[in-house]
Number of protein chains: 4
Amino acid sequence: MKNTFGNNVTFTIFGESHGEEIGAVIDGMTPGVTVDEEYIASRLALRRPSGRISTARVEEDKFRIVSGVFNGRATGTPITILIPNTNTKSGDYARTRALARPGHADYTAHVKYNGFEDYRGGGHFSGRITAGIVAAGAIAESALAKKGIKIGTHIKRCAGIDDAQFTDIEKGIDILHDKMFPVLDDAMGEKMQEAILAAASDGDSVGGILETYVTGFPAGVGEPMFDSIESELSHILFSVPAVKGVEFGAGFGFADLRGSEANDPMRYEGDKVVTLTNNNGGINGGISNGMPIYFKCVIKPTPSIFKKQETVDFINKENGELELQGRHDPAIIHRARIVIDSVTAMVLMDMLTGRYGADYFAED
Amino acid sequence: MKNTFGNNVTFTIFGESHGEEIGAVIDGMTPGVTVDEEYIASRLALRRPSGRISTARVEEDKFRIVSGVFNGRATGTPITILIPNTNTKSGDYARTRALARPGHADYTAHVKYNGFEDYRGGGHFSGRITAGIVAAGAIAESALAKKGIKIGTHIKRCAGIDDAQFTDIEKGIDILHDKMFPVLDDAMGEKMQEAILAAASDGDSVGGILETYVTGFPAGVGEPMFDSIESELSHILFSVPAVKGVEFGAGFGFADLRGSEANDPMRYEGDKVVTLTNNNGGINGGISNGMPIYFKCVIKPTPSIFKKQETVDFINKENGELELQGRHDPAIIHRARIVIDSVTAMVLMDMLTGRYGADYFAED
Amino acid sequence: MKNTFGNNVTFTIFGESHGEEIGAVIDGMTPGVTVDEEYIASRLALRRPSGRISTARVEEDKFRIVSGVFNGRATGTPITILIPNTNTKSGDYARTRALARPGHADYTAHVKYNGFEDYRGGGHFSGRITAGIVAAGAIAESALAKKGIKIGTHIKRCAGIDDAQFTDIEKGIDILHDKMFPVLDDAMGEKMQEAILAAASDGDSVGGILETYVTGFPAGVGEPMFDSIESELSHILFSVPAVKGVEFGAGFGFADLRGSEANDPMRYEGDKVVTLTNNNGGINGGISNGMPIYFKCVIKPTPSIFKKQETVDFINKENGELELQGRHDPAIIHRARIVIDSVTAMVLMDMLTGRYGADYFAED
Amino acid sequence: MKNTFGNNVTFTIFGESHGEEIGAVIDGMTPGVTVDEEYIASRLALRRPSGRISTARVEEDKFRIVSGVFNGRATGTPITILIPNTNTKSGDYARTRALARPGHADYTAHVKYNGFEDYRGGGHFSGRITAGIVAAGAIAESALAKKGIKIGTHIKRCAGIDDAQFTDIEKGIDILHDKMFPVLDDAMGEKMQEAILAAASDGDSVGGILETYVTGFPAGVGEPMFDSIESELSHILFSVPAVKGVEFGAGFGFADLRGSEANDPMRYEGDKVVTLTNNNGGINGGISNGMPIYFKCVIKPTPSIFKKQETVDFINKENGELELQGRHDPAIIHRARIVIDSVTAMVLMDMLTGRYGADYFAED
């Protein structure tokens, strides 16, 4: 379905970096879900470049909700969110159009779209498009929170530096919720930012790993085969630009475990089944088991760097060199966090609506 | 869509470990595609337990194709493949029904299906179901091969032991194609098997990492956002039982690279654009760039072990202990290989059919 | 999705007239739904040719359910129903392969499938395929009945003769439920059958109109635009071979009504909203209003006739004449009835599951 | 998928009668397709109320295309069209909110959306929403025309008056293309308009039948069962507000034909297979046969009338009477025409793209 995702609650996104507006359409949301524009704005702020470690391009993200919301509540029909692009400098890009930026989609877009792609600023491939996802995700995220389901993501690793581990998961999620640079240990966060600035001063960029926890998700949701929670989540996580790996629970660490270490022993805690470890990340056989769901995404280094790079001129079909100028992020991992939270919220809302019906997220 | 996957070519799977038949329905395949039953049988053989390191349960996998094939060719209407279950010993499982096997889906299935699940041998959650996938995938794989697209997977790591790296990728794929224990370096393969047997003698099991290469895939296929190649592939890879992590190209290694190392410099080689490195695994912005596509999947250790495990009795709602008996694999990674190849073939066939139309795989 | 239909409960069908087996896969049914093989057999009997007015080809329809049912209940995973083809006489058809039967899909299948179609007996286009639909629909129909939702269809018109109108709808549905020739007025039914035989003796065939009523369907189900009840129902009704028109409520009669006649005045009857007329067929804006849903389908005359017909030889690309021999129905309308009931049950089950969640059809 | 339709080219629509903006998102269109804003405007003009026989509410339909078009060409990524609502008089409707308008979706929307529906002017159920469909359809329609595929619709019957029949179909389509009141015989059109005005002067409304022809559509497109051309077309035709019946070819007339009359004899005309009659409306077995595709839709009388009507007050749960005031159309059939053309263009574009691939509509 290309730019539409979901079965029962669907999300459609559109727009280009330098087009007129970007946005999203959300369809199938439970009627009556609160749509809080201030909250949406606060989540968009987390995605926006800010501080020393981000691009100088700052959009105000003055979104408008033009359908599907009436008196502050979802009507149940499509919610359309529009975000105008205001701060576009197309001239920066047109100069170098013919030269593919390595690590970007310039060349692949050119082949796929037969030369008709909007190449300005990466067009539809720009991270800018994720603003629509964040706005949509903010609505989903707050609806989930009212059902006791919380999502939190931290930078687990960046530029070779590790954040602390989650100890009290619920509390960790709360701490992270509004942080611009989402780490559990601020001292480590400072070091990460230093390392990012060091890369920036070299005209270079860094990547990292985001770790996401979901608490309060009920057991018995998901499907055994093609629509396992892992399948659904990874589908949308890999649609976030720069994500190149996703692992659930112990993930690639399973390779070096034995079954006796990897299996999570089970116990009743009162009426509730829990596991004593959670290597499976809250999911068995594609279905939630009631424990926290957690996963990690790797974010590759921002491909836009200022160093000279070998590349191709795919218009003139010859080799060339590229030295980018303009506005670029030396790291996007801190900004990608809210996008990961948002797509997670979207897919979980879809799954829960499929499992429990269209009124699952009803509010008074 | 639960047990149906795909947009233009769809795959539906069904069956339970101890049910009457398992199987698959493939819809939308180009009319005229050769369906070679001997080839299918040879691929099913790779999935079947064999040798010292597998369960003693051996099914003959005497499949029947009951629709969609006429005179050895796909008609274009649904191809249905049936594989009877013959060697079932339900008694083994009924004894311990109430006790959830840690790491398995017994408990989550019970919650999801309200107690109506077919619990015998893991029911629909059994790896047995993947036989239908392999049969379907074999048809897709040979159709892809006729278009010059090849898929090969090796055990990159198992029980702490690493296989050699791919050097000549095409050649490596050919070497691996019919190997029962798919490694590039047989000496390492021997060591892995020793380690598996060592785990087995402890009543334990091991996991590992599979690495898959796809060559010959044309540039310009895939979608920018929700249907990126990574999204589509990961969706179906995570539907393979035991897969808990997927990474493309440098994957989680990107976390420690700088952009200048991670970006793949581009060059014309004659008319063809190539990259000098391939950290992006043949995919930029979700779209193929013409370089080999490669990815890794982690396979968790087989959860069925013979050691005593703490668990819950979810019928009587009390804690208990489980000591499994019967037939189990100390490792499934070598058998999972052909399942990974198969789902890869299925999703690539679907994508190519969407991109180039229903006749893309036409044969004379 | 070609041969798969549905969003939350999906139905996949497969098979050819002279292939080995035909069948259906149903996915997403509420776990615990009763699967009564005798009831399925009784519904298949209604589809089977019988009596003076049908083809002499009679299949026993000895179906097998090979997955998804355990102890007589749906498990929630895919239910696969297989029906072997036993009474095939391919020789009858191979003779005339090159000559397109007018009104059939021989020529269109040949163009679409590039000559690889299974042409024996109409292949996948044969009415035979609907046996799988009926078996699947029987499960859905009985699950709906347990929720108080009943479906009934009569032959409203056949060969120029009209059946009586429904008076007491519930009672009419009950009367029709097991009738082989489903009319409300048996005297009219006799006349229809005489007319069918008269056509048969001319080597000709007749068509007619089926009218279907659904009672007990809750208000507030359906979608405003692309997934209106009319859209969903018509989609699957038009997939039944020979259906060439579908109308809801007053249908084409609306053309000659004024708004004041067409609008259905509304009234509270106790707590329940009813309409004094039901021209809208129980649906407003694509959504159910709690009144009976009703619609009509026209069934075109069986295209297989014994009269000489002008046609083309699409292999030798020349004009020709066709004089069919073998076994054919002079009317299929009485047999099509149960197919219409079945697809109606399937789509309503899907809609209700989407609206109220996966457990909507739970039974004790 | 609720408000998203299509498999390879998808259409998403959104908006409410009195919301801020309505619109559509089109995804998957061949890159390079010309997007001619003047042409879109000219098609929107056909939908807009005009002349003596329409509502006094006239929107300018000043649309904006905010994504997916670059230098006048489709980029291949989502095209978003926005149309602001400017001329809204919500006060007219709020007065009577609690009183369901018979024949409208007020009551069903209230039940479905649990009271959170945007009730102003019918909200998402308003015919206003079809402006987005027309804008999207205009792009599809002109792309089809460049492939030699033309679509034309006339008012076959209105208020008891019949238009002339199509004689030369191609020529008829051309004549109808820009007519505000689309009839083949203008004298009959005058009579229809008189009859509409007569109904209007009674405070009443009328319905009618639209007949649509498609020429130039290639043979071999469509699917045998659930995605037959009839299934796909009817799905989207029934999503057009007020459509309550759809028939293909001879349609309900088949009920009174014998097979020998209904079957269309076939002949080679040069290299091309034609049928001597076209009772099957260009479709056999769900697949196009190369003859013109044609179908009829019945449009029910506009439910908004000025006569006093019995109804319910679903807020206070009591019976009431309704006397509408404000702006209403005594007929919408002439305006519905372009909506029918548009959805037809949309679904045919989707089908052709699935059959022949993503580049089917490529232009220089």
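These are my notebook entries on chain contacts, strands, helices and single residues in a predicted model.

**Entry 1. Conventions**

I number residues from 1 along each chain as its sequence is written, and I letter chains from A and number ligands from 1 in the order in which they are written. Because the model is predicted, local features need pLDDT of at least 70 and side-chain atom pairs count only at pLDDT 80 or more, while totals for chains, interfaces and linings use all residues.

**Entry 2. Chains A and C**

I looked up how chain C is related to chain A. A rotation of 180 degrees, with 0.0 Å of shift along its axis, superposes chain C on chain A with an RMSD of 0.0 Å; the fit is by least squares on the C-alpha atoms of residues with pLDDT of at least 70 in both copies. That is the relation of a two-fold axis. Among the residues of chain C, C:Gly357 comes closest to the rotation axis, its C-alpha lying at 1.8 Å.

I then looked up the contact itself, where two residues are in contact if their C-beta atoms, placed from the backbone, lie within 7 Å. I found 9 residues of chain C in contact with 9 residues of chain A. The side of chain C that touches chain A consists of 3 nonpolar, 5 polar and 1 charged residues. For these classes, Ala, Val, Leu, Ile, Met, Phe, Trp, Tyr, Cys and Pro count as nonpolar, Asp, Glu, Lys and Arg as charged, and the others, Gly among them, as polar. Of the interface residues of chain C, 100% are also interface residues in chain A, so the copies meet through the same surface.

**Entry 3. Chains A and B**

The contact between these chains takes 87 residues from chain A and 87 residues from chain B. On the side of chain A that touches chain B, I noted 38 nonpolar, 31 polar and 18 charged residues.

I also looked up strands across this contact; helices (H or I, at least four residues) and strands (E, at least two) are DSSP runs, numbered from the N terminus. Two strands pair if DSSP finds at least two bridges between them. Strand β11 (residues 243–248) of chain A pairs with strand β11 (residues 243–248) of chain B in the antiparallel sense, over 3 bridges. The bridge partner of A:Val246 in β11(B) is B:Val246.

**Entry 4. Strand β10 of chain C**

I counted a residue as buried if 20 or more other C-beta atoms lie within 10 Å of its own, exposed if 12 or fewer, and partly exposed in between, with C-beta atoms placed from the backbone. In strand β10 (residues 208–215) of chain C, 7 of the 8 residues are buried, so the strand is largely enclosed by the rest of the structure.

I looked up the partners of β10(C). Strand β8 (residues 150–158) of chain C pairs with β10(C) in the antiparallel sense over 8 bridges, and C:Arg157 stands opposite C:Ile209. Strand β16 (residues 293–299) of chain C also pairs with β10(C) in the antiparallel sense, over 7 bridges; here C:Thr212 stands opposite C:Phe295.

**Entry 5. Helix α1**

In helix α1 (residues 37–47) of chain C, I found C:Ile40, C:Arg43, C:Leu44, C:Leu46 and C:Arg47 buried. Seen down the axis of α1(C), these buried residues fall within an arc of 150 degrees, taken from the directions from the helix axis to the C-beta atoms, so they line one face of the helix. They pack against α4 (130–146) and α9 (333–356) of chain C.

In chain B, I looked up B:Arg47, which is in helix α1 (residues 37–47). B:Arg47 is buried, with 26 other C-beta atoms within 10 Å. Leaving aside neighbours within four places in sequence, B:Arg47 is in contact with B:Thr130, B:Ala131, B:Val134, B:Arg335, B:Ile338 and B:Val339.

**Entry 6. Two residues with positive phi**

A:Asn114 has a positive phi of about 55 degrees although it is not a glycine. A:Asn114 is in the loop between α3 (106–112) and α4 (130–146) of chain A, and counts as partly exposed with 15 C-beta neighbours inside 10 Å.

C:Lys317, also not a glycine, has a positive phi of about 55 degrees. C:Lys317 lies in the loop between β17 (309–313) and β18 (318–322) of chain C, and is exposed, with 11 other C-beta atoms within 10 Å.
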